[in-house]
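Here are my comments on the model you sent, set out point by point so that each can be checked against the coordinates.

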Amino acid sequence: MTTRTGSTPAPEASPSPSPERRSWLREHSELGVCVLLSALGAVVLTDALTMDVDLTQRGPVGPRTVPLVVGAGLLLIAALLAVDVLRGGRGEAEGGEDVDLSEPADWRTVLLLAGIFLGSAVLIEPAGFPVAGALLFWGAAFALGSRRTDRDPLIAAVLSLLTYVVFDKLLGVPLPGGPLMGVL
């Protein structure tokens, strides 16, 4: 039989983090935002540095300039936020000025909006921007609670056509017109 003198038994490995560690993570949850900002900054910088700009470079400020500034800014903000959080800084909780924080999230509306957005993204090429945009505007109004079927489709169609004209004709950003552009 062996006797231990002055030693404590080795702690057993537990599958879940200790309560102290979990508490520290909860108190410093903003570090997750720092990780997200750092990852996003690294992706932006990587894309900017690997960008092929031989044909588009026309002076000292080229297509890499803005992505490099944005990527460096994201990394800087992530570092400053991490330092602030580790020094004890905390974000203020939502005051709920116009939101009832005791109510659960409205996942039906979120899923409807996501479905409408994805549907319009799928329809934009075959149906054209005016049709896909009108369905997007009308569907978003419906998902957010408007039930005016006499007014909403007309407003959605006007908004979609106006957006198409502004981007395609005035700004020179080509948008797919779809089969209706031959009629209009």
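The points below take up the salt bridges and then a nonpolar patch on the surface.

1. Please keep in mind throughout that this is a predicted model, and that the contacts and accessibilities discussed here are computed from it.

2. The structure holds 3 salt bridges. In one of them the side chains of Arg 148 and Asp 150 meet, with an N to O distance of 3.3 Å; Arg 148 is partly exposed at 39% relative accessible area, whereas Asp 150, at 56%, is exposed.

3. A further salt bridge joins Arg 151 to Asp 152, where the closest N and O atoms lie 3.6 Å apart. Arg 151 counts as partly exposed, with a relative accessibility of 37%, while Asp 152 is classed as buried because its relative accessible area is 9%, and buried means under 20%.

4. Asp 168 and Lys 169 also pair through their side chains, in a salt bridge of 3.2 Å from N to O. Here the acidic partner, Asp 168, is buried with 17% relative accessible area, whereas Lys 169 is exposed with 56%.

5. Which residues make the nonpolar surface patch of about 620 Å²? The patch is formed by Leu 162, Val 165, Val 166, Phe 167, Leu 170, Leu 171 and Val 173. Of these, Val 166 is found in helix H6, which spans residues 152-170, and with a relative accessibility of 30% Val 166 counts as partly exposed, since that class lies between the 20% and 50% limits.

Key. Residues numbered from 1 in each chain as written. Predicted model: local features only at pLDDT ≥ 70, side-chain atom pairs only at ≥ 80, totals over all residues. Heavy atoms only, no water. Patch = residues over 30% accessible without salt bridge, like charges linked within 9 Å, V, L, I, M, F, W, Y side chains within 5 Å. Areas by Shrake-Rupley, 256 points an atom, 1.4 Å probe, with all protein chains shown as cover. Salt bridge = Lys/Arg side-chain N within 4 Å of Asp/Glu carboxyl O. Helix = DSSP H or I, 4+ residues; strand = E, 2+ residues; numbered from the N terminus. Buried < 20%, exposed > 50% of the residue type's maximum accessible area, 1.4 Å probe, protein only.
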